[in-house]
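Here are some exercises to work through with the model open beside you. Try each task before you read its solution.

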Amino acid sequence: MGKKSRAREANEAGVEDSSQAASALPAERKEIGRKEKEKRRRRLPVFCLTTLGIVYGDIGTSPLYAFRECFNPEDAPNRLAVTAPHVLGVLSLITWSLILVVTVKYILYVMRADNKGEGGILALLALMERKAGTKAWFVVLSVFGAALLYGDGMITPAISVLSAVEGLKLAHPIPQPVTLGLTAVILIGLFLFQKNGTKKVGLIFGPVMLLWFAVIGLLGALAIARQPAVLAALNPWHALVFVTQNGWLGFTVLGAVFLVVTGGEALYADLGHFGATPIRIAWFGVVLPGLLLNYFGQGALVLGNAAQVQHPFFHLAPKWALYPLIVLATAAAVIASQAVISGVFSLTRQAVLLDRFPRVQIDQTSHEEIGQVYVPALNWLLMVACVGLVFGFRTSSNLAGAYGVAVTTTMVITTLLAARIARTLWHWNALVVTLITAGFLVIDLAFFGANMIKFLRGGWFPILIGLLVFVIMTTWHRGHELLLERLRQMEKPLGPFLGNLTQHPPLRVTGTSVFLTGRSKEVPAVLLHHLRNNKVLSEDVLLLEIRLEPEPHIPRDARVESHGYAQGFRRVQASFGFMDMPDVPDALKSLPMEGEDLDLKDITYYVGRSLPKPSRRSAGMARWRKKLFIFLNHNSTASMTFLRIPPSQSVELGLEMEI
């Protein structure tokens, strides 16, 4: 851009140039879409296999502890007696929970509410904000539901790995400290590996989980063959009788039954990785049959020997297969933990790009898979929390007391948000939506109430974590809004600014300057600050607006739009989806120009660093929250790092302001 092009000549004559974003023609896009669908169809078997490892790790390891916890062997005063009616009742509750909650609610209903292929509670919020309009209380519910998943991300690795390692006690009596120490070592190794990404190890996740479901299904089927009467639990009447005849004790058992469906929310959150079809095929073809066979096998086992209720999963295996089963269970637990950890990383990226979470360092660990990211700060926090939970709760039964409260709350919120989508976007009949929502809420609220009984036994922990994250998320979002308001007050309209620049031209030097701005028709405060202090401008000036859209992905060929103005100024808009990683230099590669191409090495980026301080006025946000926002802003990742701007080509200018 050193020489004047025809666009430059037009600009200096005061004529606006409106170069459109480079984009594929509609026919070309249809062809690209057709080829992509054909490619996904051919790879469907691979997707189904990989889905087993990424999506179903959490729910797939529930047989390690869920059925056992229904009989609460470590809480003798409230222990449920191992009788045939009780076993059949529990199995019936487990069966119909899997069918109604996971199959009907998530697989067939909620997964329809995708934001251009992406799932999860924040994707649902973005979909509503973009198309349906969102009331404040829906936003609060969505953000709180997302915050609760961080507590789940801490508990799932701890309880999954500890449950698997506890199987060693059946083969050889080992001291509790050894069990805890071995669990901690496995967890620490898992978190140390995160920085390498999961691409290579992910290739074996699917086959391992396929082997897992095959083994647990086979073990269950062999036990059922010895006690076929257990199949009577398929009748939902046994569940109804169990709940009505056991009163309060039957209600409390629902808290343990819920453990069999705790991976349901992950199904929806992982929708964007593979799409709905592979998830559904894997569920109906492998996961659901394997889970039901194993749960019924555990029920058949304890009908024959009630003493084996303490560890029914491992007692299903013959003695010679115990050690191999422990190894396989540990591998499955690690995979389940990996899936949850990756889910938390992905959730954090979504929250950051939707301006719901402070900017943190986010590393892309795979160039092919956009979903594979690594968040260093969060990784170490999760590691400390998981190891602390293992030593704090000491047994998987104790951890089960902390498990479920956060997930049930999120499930209730998902039901309400899905109803909003069904009514406003799908335009379903109001009566139909009401009946469906009421039916799901009856189940969700029953599980929620049963889990709240465990609040003092550990259920307080995920709620506390969720509240802390919720405060951080809402404080950051509101504080950032106040900061943008102050920045806008410092900006000036572009038209008068260019007119004044013509009358009082500063010194112009060769090269290109890029100034980040927040609005399309204003001159950013950082440019005014630079001009006021340095009294010089480069020959070419790009006013770059970064737009984070409430869509998962913006195609690369449609990310950039530009408009030319007088005095060598050009307005540039670079758009990214909430699942894209913002990269300013990469976006500028596709900037539509006339004449010479943009030389990316001849650019100086000017970035403003906001330095907020609390005003004495409490308007907009409480003073303590302003101080919290200032702390978060001070410790958040710098804009240059977050936007992948080369440090050697950047200048950071501090802008102090009151909020």
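## Getting oriented

The protein has 27 helices and 10 strands. Keep in mind that this is a predicted model.

**Exercise 1. Find what share of the 659 residues counts as buried, and what share of the accessible surface belongs to carbon and sulfur atoms.**

Solution.
- Step 1: Start with burial. Of the 659 residues, 55% count as buried.
- Step 2: Turn to the outside. The accessible surface comes to about 27,600 Å², and carbon and sulfur atoms hold 62% of that area.
- Step 3: Add the contacts. Among those with a separation of 6 or more, 82% join residues 24 or more positions apart.

## Aromatic rings

**Exercise 2. Classify the aromatic pair of Tyr150 and Phe357, and place both residues in the chain.**

Solution.
- Step 1: Recall the two quantities needed. A pair of aromatic rings is described by the distance of the centres and the angle of the planes.
- Step 2: Apply them here. The structure holds 17 aromatic pairs. In the pair of Tyr150 and Phe357, the centres are 6.1 Å apart and the planes lie at 5°, a stacked arrangement.
- Step 3: Locate the partners. Tyr150 belongs to helix H8 (residues 136-165), while Phe357 sits in the loop between helix H17 (322-353) and strand S1 (363-364). The pair thus links distant parts of the chain, with the two positions 207 residues apart.
- Step 4: Check the surroundings. Tyr150 and Phe357 are both buried.

**Exercise 3. Do the same for Trp248 and Phe251.**

Solution.
- Step 1: The ring centres of Trp248 and Phe251 are 5.8 Å apart and the planes meet at 35°, so this pair is tilted.
- Step 2: Both residues lie in helix H12 (residues 237-257), 3 residues apart, about one turn of the helix.
- Step 3: Trp248 counts as exposed because its relative accessibility is 60%. Phe251, with a relative accessible area of 25%, is partly exposed.

**Exercise 4. Which residues form one aromatic cluster with Phe440, and what does Val104 touch?**

Solution.
- Step 1: Tyr109, Trp426 and Trp428 join Phe440 in one aromatic cluster.
- Step 2: Look at the face of Trp426. Arg112 lies over it, at 4.9 Å from the ring centre.
- Step 3: Move to Val104 in helix H6 (residues 84-109). Leaving aside residues up to four places away in sequence, Val104 touches Ile99, Tyr109 and Phe440.
- Step 4: Compare sequence with space. Val104 and Phe440 are 336 residues apart in sequence and 9.5 Å apart in space, C-alpha to C-alpha.
- Step 5: Val104 counts as partly exposed because its relative accessibility is 31%.

## Surface and backbone

**Exercise 5. Is Leu456 buried or exposed?**

Solution.
- Step 1: Leu456 lies in helix H22 (residues 455-490).
- Step 2: Its relative accessibility is 77%, so Leu456 counts as exposed.
- Step 3: Leu456 forms a nonpolar surface patch with Phe455, Trp460, Leu464 and Leu468, and together they have about 510 Å² of accessible area.

**Exercise 6. Find where Arg394 and Arg644 lie, and give the phi of each.**

Solution.
- Step 1: Recall the background. Most residues other than glycine have a negative phi.
- Step 2: Arg394 has a positive phi of about 75°. This residue lies in the loop between helix H18 (376-393) and helix H19 (396-402).
- Step 3: Arg644 has a positive phi of about 60°. Its place is the loop between helix H27 (639-642) and strand S10 (650-658).
- Step 4: Relative accessibility is 37% for Arg394, so it counts as partly exposed. Arg644 is partly exposed, with a relative accessible area of 31%.

Note on methods. Residues are numbered from 1 along each chain as its sequence is written. This is a predicted model: local features need pLDDT of at least 70, side-chain atom pairs count only at pLDDT 80 or more; totals for chains, interfaces and linings use all residues. Side-chain values use heavy atoms; hydrogens and water are left out. Patches are made of residues with over 30% relative accessible area and no salt bridge: like charges are joined within 9 Å, nonpolar side chains (Val, Leu, Ile, Met, Phe, Trp, Tyr) within 5 Å. Accessible areas come from the Shrake-Rupley method with a 1.4 Å probe; for residues, only the protein chains shown count as cover. A salt bridge is a side-chain nitrogen of Lys or Arg within 4 Å of a carboxyl oxygen of Asp or Glu. Helices (H or I, at least four residues) and strands (E, at least two) are DSSP runs, numbered from the N terminus. Buried means under 20% relative accessible area, exposed over 50%, partly exposed in between (1.4 Å probe, protein chains only). Rings of Phe, Tyr and Trp (its six-membered ring) pair if their centres lie within 6.5 Å; planes under 30 degrees apart count as stacked, over 60 as edge-to-face and the rest as tilted. A charge sits over a ring if NZ of Lys or CZ of Arg is within 6 Å of the ring centre and within 35 degrees of the ring normal. Contact means heavy atoms within 4.5 Å.
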